[in-house]
Amino acid sequence: MNKYVLNGLYTVIGIVVIAAFAFKVFQPIQVLPRMRLSPAYNFIDQDGQPLTSETLRGQFVLYSFTYTHCPAPCYNISDTMQEVQSRLGEVDLGSIPVSFVTISVDPDRDTPEVLNAYGKELGADFDQWRFVTTTNKALLKTIVGSGFETYYEDKGDGNFALDPGFVLVDGWGIIRAEYRYTTEVSDADRILRHLGVLAEEVQNSTGTAKLAYEAAHLFLCYAP
Amino acid sequence: MSTQKMHIDSYERNWMIVSAVLLVLFATAVSVAAFGLGIQVPAPEQRVDPRTVATDPNSPWSNPGLREVAPGKYDAYILARAVPTWEYLPKEMTIPAGSSVSFYVTSSDVQHGFKIQDTNANFMVIPGQVSKLTITFDKPGTYNFICTEYCGSGHGVMYGAITVTP
């Protein structure tokens with residue numbers, strides 16, 4: 001009797017171990033990592049209206065960083081933002097809204113009026129794509145530098161050192177992806193694919209399926 | 001019906017038990033370190049093209065060095081290379097005590113290593129990949145960093161230093 005119990009126990013352990021390996025190798029579910037909390041902020045947008053991090057809870061938000069006086073050839077974040085915005089229909093998002101926020105690191109020159117004109121020039125839909133900044137420079141540096149981990153520095157001659165990049169935040173205010181300098185694939189393609197992965201997780205991870213999604217987090221099954 | 005048990009010498013059995021216990025201990029230690037204490041091994045952070053990473057103006061490694069992203073928080077973009085000479089760019093960095101530095105290290109040619117003495121930073125630098133690790137420097141002093149992967153005849157002179165001022 002004892003022998004059968006023991007054999008049964010070994011079989012169960014074996015199946016669990018093999019299942020865990022199979023899960024890791026075949027990755028039936030892929031997720032985006034929960035990197036860290038997105039910073040809280042209180043910005044002024046292109047219409048002079050306040051925009052806080054709480055306003056955008058429950059939405060996927062794609063952040064980008066720039067300043068309108070960036071001289072050519074400036075790393076052009078707006079191309080990628082425009083492409084993502086126009087191709088958003090390709091992704092199955094369910095009913096989850098997506099917002100775009102472009103943060104200017106140059107509040108002296110990028111007043112709401114300047115940002116408004118810049119946005120219009122890019123053909124941005126201001127209900128979905130906002131251009132924001134704050135005149136509190138210490139706060140701006142903390143939000144962008146410490147919160148979004150994006151480096152910028154005023155060079156003093158009207159130019160800024162700025163590391164180009166995008167940050168994707170989910171509806172709970174957790175940073176799920178960062179897009180830094182890379183030569184692998186077009187940023188827009190990756191961002192669109194990641195939005196789909198996020199939407200799938202939010203819609204499907206209920207009940208028992210939630211355990212499978214948590215397993216994907218535990219086994220680091222991250223979408224490329 | 002009698003089943004004959006295989007004879008195992010008691011010394012051998014004891015060794016087998018000790019090995020099994022060690023495996024369980026290590027698995028527990030790794031699990032606690034990874035999930036409980038949140039210790040992470042340096043992981044590939046992003047992919048870059050080693051042929052252009054040092055020259056592309058959009059690449060942070062075209063202008064390697066220390067950047068203050070927020071008060072007391074730094075990013076160090078370090079390029080390890082064997083051509084034209086074996087060196088790290090930059091070779092020297094100075095930060096105040098208490099700073100937290102995220103190292104982003106990549107190579108423009110062959111495989112290198114990166115070890116900062118008196119810290120737990122020690123990782124491979126692989127062309128095409130970026131290795132990232134964050135270290136907080138609380139004690140003032142000089143922390144030398146050296147290449148730990150044999151990368152050619154100049155391997156021995158490949159070093160640099162981080163000065164932590166009080």
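Tutor: A residue is buried if 20 or more other C-beta atoms lie within 10 Å of its own. Keep that in mind as we look at this structure, which is a predicted model.

Student: What makes strand 4 of chain A "mostly covered"?

Tutor: Strand 4 spans residues 60-66 of chain A, and seven of its seven residues are buried. Each of them therefore meets the cut-off of 20 or more other C-beta atoms within 10 Å.

Student: How do you know that both faces of strand 4 of chain A are covered?

Tutor: Look at each side in turn. On one side sit Phe60(A), Leu62(A), Ser64(A) and Thr66(A), and on the other Val61(A), Tyr63(A) and Phe65(A); all are buried.

Student: Why do we say that strand 4 of chain A pairs with strand 5 of chain A?

Tutor: Pairing needs at least two bridges between the strands. Seven bridges join strand 4 of chain A to strand 5 (residues 98-104) of chain A, so the two count as paired, and they run parallel. Within this pair, Val61(A) has Ser99(A) as its bridge partner, while Phe65(A) stands opposite Ile103(A).

Student: What joins strand 4 of chain A to strand 9 of chain A?

Tutor: Four bridges link strand 4 to strand 9 (residues 166-169) of chain A, in the antiparallel sense. Since two bridges are enough, this also counts as a pair. Here the partner of Val61(A) is Val169(A).

Student: Why is strand 1 of chain A called an edge strand?

Tutor: Start with the whole sheet: an open one of six strands in chain A, with the order 1-10-9-4-5-6 and mixed pairing. Strand 1 (36-37) and strand 6 (129-132) of chain A each pair on one side only, and they are the edge strands.

Student: Why are helix 2 and helix 5 of chain A called oblique to each other?

Tutor: Helix 2 (residues 77-86) and helix 5 (residues 187-204) of chain A pack at an angle of about 40°, with their axes 9 Å apart. Angles under 35 degrees count as roughly parallel, and 65 to 115 as roughly perpendicular. About 40° falls in neither range, so the helices are oblique. The crossing of helix 2 past helix 5 of chain A is right-handed.

Student: Which residues of helix 2 of chain A meet helix 5 of chain A?

Tutor: Thr80(A), Glu83(A) and Val84(A) do, and they meet Asp187(A), Ala188(A), Ile191(A) and Leu192(A) of helix 5.

Student: How does helix 5 of chain A run relative to strand 10 of chain A?

Tutor: The angle to strand 10 (174-179) of chain A is about 155°. Angles over 145 degrees count as roughly antiparallel, so that is the word for helix 5 and strand 10 of chain A.

Technical notes: Residues are numbered from 1 along each chain as its sequence is written. Chains are lettered from A and ligands numbered from 1 in the order in which they are written. This is a predicted model: local features need pLDDT of at least 70, side-chain atom pairs count only at pLDDT 80 or more; totals for chains, interfaces and linings use all residues. A residue is buried if 20 or more other C-beta atoms lie within 10 Å of its own, exposed if 12 or fewer, and partly exposed in between; C-beta atoms are placed from the backbone. Axes are lines fitted to C-alpha atoms, for helices over the stretch in contact, and angles run from 0 to 180 degrees between N-to-C directions. A crossing is left-handed if the near helix is turned anticlockwise from the far one by less than a right angle, and right-handed if clockwise. Two residues are in contact if their C-beta atoms, placed from the backbone, lie within 7 Å.
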